[in-house]
Every structure is written in structure tokens, then in C-alpha cells.
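Biologist: Before I rely on any of the words used for a structure, I would like to hear how each one is earned. Could we go through them one at a time?

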Amino acid sequence: MFVDDVYEDLELWYPKLRLAEAGAEVVVAGPKAGATYAGKHGYPCRADAAISEVGSTDFDGLVIPGGFAPDRLRRDRRVLELVREFAEAPKLVAAICHGGWIPISDGVYRAVRVTGSPGIKDDLVNAGAVWQDAPVVVDRHFISSRKPDDLPDFCRAILQFMAGGPIEGPR
């Protein structure tokens, strides 16, 4: 998972804890390892690793929370390289709300069915994505959701994908 200042608190912590509860080892990567980043609502998150020091081969998937952090992170070349590596592997690339800004900037959403915050709908469409207004959209190894209220469906889809099973529920 990526983190930087002004991340959406629920969109980071809810998936992080659900994945940990299911037995996954979750690593949160930020610009600096060990640094603490403040969420939009003030909840702190300490980065386990620096983005510059992680590799896609060490992980099964990537979860990108929203907030304003994705707008900052998508300017980091290493962030975009990691997203491309996960997308081409193909490994899970999951984004919620404004998290979709990062795959947009990397160009991996072209012809991919996605959803996201209505505020980035035009960005998604202009990047070549196929927009759907749904709580969760699954297209191969890409999973996307719109907002914090969609977190149960988003996390359910991620967990089902990681377990290798069929993905059920709203799409």
C-alpha cells in the first residue's frame, strides 16, 4: 500500500486491517521509511518502507488508497514504475476513490473497466478507461471502488481475488 500526507484515513486503514486479519503481510510504503504521514482526518500512518526501496516482485498486489496523497505520489517516477510492474505481471492493482489518479498517470487503465471518485471520472475516461458507476468494478487483476462507503465491497473483492476464488457481489 502507498501512503503520503493527506491520504484518506479509512481507505488506507480499512483494507490494511482487513488484509492483515485475513493473514496477509501488509507493507505500507511512503516517500521515507519510518516517517509518519497524517491522513485527511489526522490519523497517523507510519511507513514500513520507502517507495524507492520496494520491488513488485516482493509482493502479490498493490492497494492504492485515495485522498490527496495520490496526486502527490503520481509525480514520483518510482511509484509509476511500480504500478506498471504490478499491472504487467499481472498482479493485483486495486485503487479506491482518488487512488485511481496513479494508474491514470501511468497509463495502465487504457481499455480497463474501472470506477473511482466521481471527481476523477473525467480523468479516468480521458485516460482511456471504461467508466462504470458501481461500488466495486473488477476487470481481470484491476479492482476499483468509488468512496469509503464502498470499502466492504472493495475489500471483499480484494480478498476473493487474493484467495484465487470467484469474485462475488456488486460490480
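Modeller: Let us begin with the word "buried", which is given to a residue with under 20% relative accessible area, while "exposed" is kept for over 50%. Please keep in mind throughout that this is a predicted model.

Biologist: Why is Ser117 called buried or exposed, whichever it is?

Modeller: The relative accessible area of Ser117 is 8%, and the limit for a buried residue is under 20%, so Ser117 is called buried. Ser117 sits in the loop between strand E7 (113-114) and helix H5 (121-126), and, leaving aside its neighbours within four places in sequence, Ser117 is in contact with Cys97, His98, Trp131 and Arg146.

Biologist: One of those contacts is Cys97; what makes the phi of Cys97 worth a remark?

Modeller: Most residues other than glycine have a negative phi. Cys97, although a residue other than glycine, has a positive phi, near 60°. Cys97 belongs to the loop between E6 and helix H4 (101-106), and because its relative accessible area is 13%, Cys97 is buried.

Biologist: How do you know whether Ala111 is buried or exposed?

Modeller: Ala111 has 55% relative accessibility, and the cut-off for exposed is over 50%, so Ala111 counts as exposed. Ala111 lies in the loop between H4 and E7, and Ala111 too has a positive phi, of about 65°, although it is not a glycine.

Biologist: What makes the peptide bond between Ala89 and Pro90 stand out?

Modeller: Most peptide bonds are trans. The bond that joins Ala89 and Pro90 is cis, with omega at about -20°, and Pro90 is placed in the loop between H3 and E6.

Biologist: E6 comes next, then; how do you know that Leu92 in that strand is buried?

Modeller: Leu92 has a relative accessible area of 2%, which is to be set against the limit of under 20%, and therefore Leu92 is buried. Not counting residues up to four places away in sequence, Leu92 touches Asp60, Gly61, Leu62, Phe86, His141, Ile143, Ile158, Phe161 and Met162. Leu92 and Gly61 are 31 residues apart in sequence, yet their C-alpha atoms are 4.3 Å apart in space.

Biologist: Which strands of the open sheet are called edge strands, and what makes them so?

Modeller: The sheet has four strands in the order E5-E6-E10-E9, with mixed pairing, and strand E5 (61-64) and strand E9 (136-139) are its edges, since each pairs on one side only. From one strand to the next, the twist averages 10°.

Biologist: How do you know that E9 and strand E10 (residues 142-145) are paired?

Modeller: Pairing asks for at least two bridges between two strands, and E9 and E10, which run antiparallel, are joined by four bridges. Val137, for example, stands opposite Ser144 in E10. The two strands form a hairpin with two residues between them, and Arg140 in the turn has a positive phi of about 55°. Within E9, Val136 and Val138 point one way whereas Val137 and Asp139 point the other way, and all of them are buried.

Biologist: What lies across this sheet, and how does its length compare with the expected one?

Modeller: Helix H6 (residues 151-162) lies across E5, strand E6 (92-96), E9 and E10, and runs at about 175° to E6. H6 has 12 residues and reaches 16 Å from its first C-alpha to its last, close to the 16 Å expected at 1.5 Å a residue. Its buried residues are Leu151, Asp153, Phe154, Cys155, Ala157, Ile158 and Gln160, and what covers them includes helix H1 (9-21) as well as E5, E6, E9 and E10.

Biologist: Which residues touch the most other members of the largest nonpolar core?

Modeller: Phe2, Tyr109 and Ile143 do, in a core of 54 residues, to which helix H3 (residues 77-88) gives the largest share, six residues.

Biologist: Finally, why is the chain called as compact as a globular protein of its length?

Modeller: The chain has six helices and 10 strands. Its radius of gyration is 14 Å, close to the 16 Å that the globule rule gives for 171 residues, so the chain is as compact as a globular protein of that length. Buried residues make up 53% of the chain.

Key. Residues numbered from 1 in each chain as written. Predicted model: local features only at pLDDT ≥ 70, side-chain atom pairs only at ≥ 80, totals over all residues. Heavy atoms only, no water. Core = buried A, V, L, I, M, F, W, Y, C linked by side-chain atoms within 4.5 Å. Buried < 20%, exposed > 50% of the residue type's maximum accessible area, 1.4 Å probe, protein only. Axes fitted to C-alpha atoms, helices over the stretch in contact; angles between N-to-C directions. Contact = heavy atoms within 4.5 Å. Expected span 1.5 Å × (residues − 1). Rg over C-alpha atoms; globule rule 2.2 N^0.38 Å.
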